[in-house]
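Subject: The structure for you to look at

Hi there,

Here is the structure I promised to pass on to you. Have a look around first, and then read my notes below.

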Amino acid sequence: MRVLRSVFLLCILMLGCFSSLYYFMSTSTSQQPDRPSHHSYFPSSSSSLNIRKSHSSDDEVTSRSFLNSNNTMDKDYVLSQGEDEDIAASVRSCKELGKRIRKKEFKTADELLETLPPSVMRNENCVEEVRSTNSDLGWNLYDEHLCRHRFLFVSGMHHSGTSVTNYILQTLELISGHRGTGSGQDEGVGLQKEYPPAIKFGGACNFVHHHEIYLNATHKAATPEARRCIMAQWSKYWNLSRPVLLEKSPPTLIQIDYRAYLFPHVSANIIVVRHPLYMCFVKKNLVDLEKAWVSDNGIRMLTRAIEGWLKAHEFVRSAILHPNRKTALIQYESYFKLPDAVDHLLELPTIFFPEIIEPYNRKQLKSGMLPRQLEYRSGKDGGNRDKPKIDPKYLTTWMQTWTNNIKTHEKLYKSRILPVLRKYESRVNQFG
């Protein structure tokens, strides 16, 4: 088995030297003969791929499908007798979503057939694996869609920058992501009921300490029925005429094996990594050292935060070394300070899935759309606000606050905090 791997390292001072972006990419040419060989590198801004970006919403282009070179979608899939009823019946057992979720109906057989990608996109390894586990369910259009689409999963610890990364990627017209769903930060975990959310295990930063949320291919939630229900639920909020379907949920970083079971041979992961002190400690407004850490409870919180961060990322490090995993790790603070960071991020889908380029007419990737902008979620009503660019100063403001507090409370820092940091420094430094 031939394994292709690339590692990109850009340094940032974080209890040592952290890398800006690690890019691990591996494929097996023997397992995936339909995938052309390629180099796993980030094209420059003058890349021949030249995938341009748009700011259009899914609702604006729902009726426009991605076309093949003949400007027509392949209509090679024929519904078997009774398959429309089977499709409807197969989703009746799916658990109902929460009341806050924007209500949408499951796709009908006609809607699924109309948005089915070209047959050249069909991954036969995916078909073989899904069929092998679907012996009692049979095969229907949801399964066909799953093996003809490509899936991109964005994850990372809470507050690490996953939402920003998610909405940047959604500005590519070849991608459809979840938006305006009613789920917190449009996270896919809130748009299904087949596996538990992080909030069930204490929420941000705490969930990593519970083994029950470390899902894999042998977990009780790894069933053909769960796969079909998750695909059906998420499809309600995707534009299935687009070749790459995007989903973002923080806990996915410790569920990579589970996602590989659900979407075999057709998925990739982007994991956003942020400084361990920011996400689980500074984010909670505990930047005043004198108030936060004068007590033993403050030190326990600091220790638990760092241990949780390490547990999650050490798990990720082992999971992504699987020979059939496609994963990009982005160091948030340093990566997004780079002037061409967004452009490189938007190249990732075509690097992960080079096979999506040729089946679709490149001219269809963008025509007359508005310039790309960066979207954030905000407000309890789930509304959007636009921000034209990422402010590099915002990314590291907390670091300056941290430094100022250390200078003000140097004695307290050296006696109580520094020993904790030194205890974990060598393990953290293994990531950069």
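Let me start with a question: is aspartate 84 buried, partly exposed or exposed? Aspartate 84 is partly exposed, because its relative accessible area is 39%, a value that falls between the 20% limit for buried and the 50% limit for exposed. Please keep in mind that this is a predicted model.

**The whole chain**

The protein chain contains 15 helices and ten strands. It has 432 residues, and 58% of them count as buried. The accessible surface adds up to about 19,100 Å², and carbon and sulfur atoms account for 51% of that. If you take the contacts between residues at least 6 apart in sequence, 81% of them join residues at least 24 apart.

**A negative patch on the surface**

Back to aspartate 84, which is found in helix α1. Together with Glu85, Asp110, Glu111 and Glu114, Asp84 forms a negative surface patch. Two elements each give two or more residues to this patch, namely α1 (83-90) and α2 (109-114). Which of them gives the most? That is α2, with three residues.

**Two buried residues and their neighbours**

Next, try finding arginine 150, which is in strand β4 (residues 150-155). Arginine 150 has a relative accessible area of 1%, so it counts as buried. What is arginine 150 in contact with, once neighbours within four places in sequence are left aside? Its partners are Met121, Asn123, Pro243, Val244, Leu245, Val266, Phe353, Glu355 and Ile356.

Leucine 345 is another one to look up, and you will find it in helix α12 (residues 341-352). Its relative accessible area is 0%, so leucine 345 is buried as well. Leaving out neighbours within four places in sequence, leucine 345 is in contact with Thr165, Ile168, Leu169, Ile270, Ile330, Tyr335 and Phe336. Take isoleucine 270 from that list: along the chain, leucine 345 and isoleucine 270 are 75 residues apart, while their C-alpha atoms are separated by 9.6 Å.

**Two histidines with a positive phi**

Histidine 159 has a positive phi of about 70 degrees, although it is not a glycine. You can find histidine 159 in the loop between β4 and α5 (162-169). With a relative accessibility of 38%, histidine 159 counts as partly exposed.

Histidine 265 also has a positive phi, near 70 degrees, and is likewise a residue other than glycine. Its place is the loop between α7 (256-262) and β7 (267-273). Is histidine 265 buried or exposed? Histidine 265 is buried, because its relative accessible area of 18% is under the 20% limit.

**Salt bridges**

Side chains of opposite charge can pair when their charged atoms come close. How many salt bridges does the structure hold? There are 13, and here are three of them for you to find.

- Arginine 148 and glutamate 144 meet through their side chains, at 2.8 Å from N to O. Both are in helix α4 (residues 141-148), four residues apart, which is about one turn of the helix. Both arginine 148 and glutamate 144 are buried.
- Lysine 248 and glutamate 187 form a salt bridge at 2.9 Å, N to O. Lysine 248 is in strand β6 (residues 244-248) and glutamate 187 is in the loop between β5 (175-176) and α6 (224-235), so this pair ties together parts that are 61 residues apart in sequence. Both lysine 248 and glutamate 187 are buried.
- Arginine 274 pairs with glutamate 333, and their closest N and O atoms are 3.1 Å apart. Since arginine 274 lies in the loop between β7 and α8 (276-280) and glutamate 333 in helix α11 (residues 332-335), the pair ties together parts that are 59 residues apart in sequence. Arginine 274 is buried at 3% relative accessibility, and glutamate 333 is buried at 2%.

Finally, which residues are joined into one network by salt bridges that share partners? The network is made up of Arg122, Glu124, Glu144 and Arg148, so you will meet the α4 pair there again.

Enjoy exploring, and write back with any questions!

Best wishes

Key: Residues are numbered from 1 along each chain as its sequence is written. This is a predicted model: local features need pLDDT of at least 70, side-chain atom pairs count only at pLDDT 80 or more; totals for chains, interfaces and linings use all residues. Side-chain values use heavy atoms; hydrogens and water are left out. Buried means under 20% relative accessible area, exposed over 50%, partly exposed in between (1.4 Å probe, protein chains only). Contact means heavy atoms within 4.5 Å. Accessible areas come from the Shrake-Rupley method with a 1.4 Å probe; for residues, only the protein chains shown count as cover. Patches are made of residues with over 30% relative accessible area and no salt bridge: like charges are joined within 9 Å, nonpolar side chains (Val, Leu, Ile, Met, Phe, Trp, Tyr) within 5 Å. A salt bridge is a side-chain nitrogen of Lys or Arg within 4 Å of a carboxyl oxygen of Asp or Glu. Lys and Arg count as positive and Asp and Glu as negative; His and the chain ends are not counted. The place of a charge is taken as NZ of Lys, CZ of Arg, CG of Asp or CD of Glu.
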